[in-house]
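User: Please take a close look at one helix in this structure. Short sentences would help, as I am new to this.

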Amino acid sequence: LSLHDALPIFQWIVIIYFLVINLVLFSMMGYDKKQAKRGNWRIPERRLLTIGLVGGGLGGLMGQKKFHHKTQKPVFALCYSIGVIAMISCIYLTFK
């Protein structure tokens, strides 16, 4: 029995969505930090927060820790934490 046979397509879509959205936000946090150091154009905060809320919160929290970025703004930790809760809830409901 292959892994593909074990999971229905919808479950695969959920897994891939959360992997991608978290990787995207983690990368955006690193890029934005690099841009901040250089004094260049930045990613709008609203975009970082929105991606965190729609399930990218884990990538956002990891990006905060890794890049020491947006750590002084409590709204980021709050939105990213809500995103983690949303992700866990979605995964739970998908696999229950």
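Analyst: Here is a walk along one helix, followed by a look at the cysteines. The model is predicted, so local features need pLDDT of at least 70 and side-chain atom pairs count only at pLDDT 80 or more, while totals for chains, interfaces and linings use all residues. Residues are numbered from 1 along each chain as its sequence is written, and side-chain values use heavy atoms, without hydrogens and water.

Start with helix α3, residues 45–67. Helices here are DSSP runs of H or I, at least four residues, numbered from the N terminus. A straight helix of 23 residues would span 33 Å. That expected span is 1.5 Å times one less than the number of residues. Helix α3 spans only 16 Å between its end C-alpha atoms.

Now find the bend. Helix α3 turns by about 125° at G56. The bend is the angle between axes fitted to the seven residues ending there and the seven starting there.

G56 is also one of the buried residues of α3. Others include L48, L49, I51 and Q64. Buried means under 20% relative accessible area, exposed over 50%, partly exposed in between (1.4 Å probe, protein chains only). The cover over these residues includes α2 (9–38) and α4 (74–95). Just past α3, H68 has a positive phi of about 50°.

Last, the cysteines. The whole structure has zero disulfides, a disulfide being a pair of cysteine sulfur atoms within 2.5 Å. C79 is in none, and its nearest cysteine sulfur, that of C90, is 17 Å away. That is too far for a bond. C79 is buried at 11% relative accessibility, whereas C90 is partly exposed at 37%.

Terms used: Helix = DSSP H or I, 4+ residues; strand = E, 2+ residues; numbered from the N terminus. Contact = heavy atoms within 4.5 Å.
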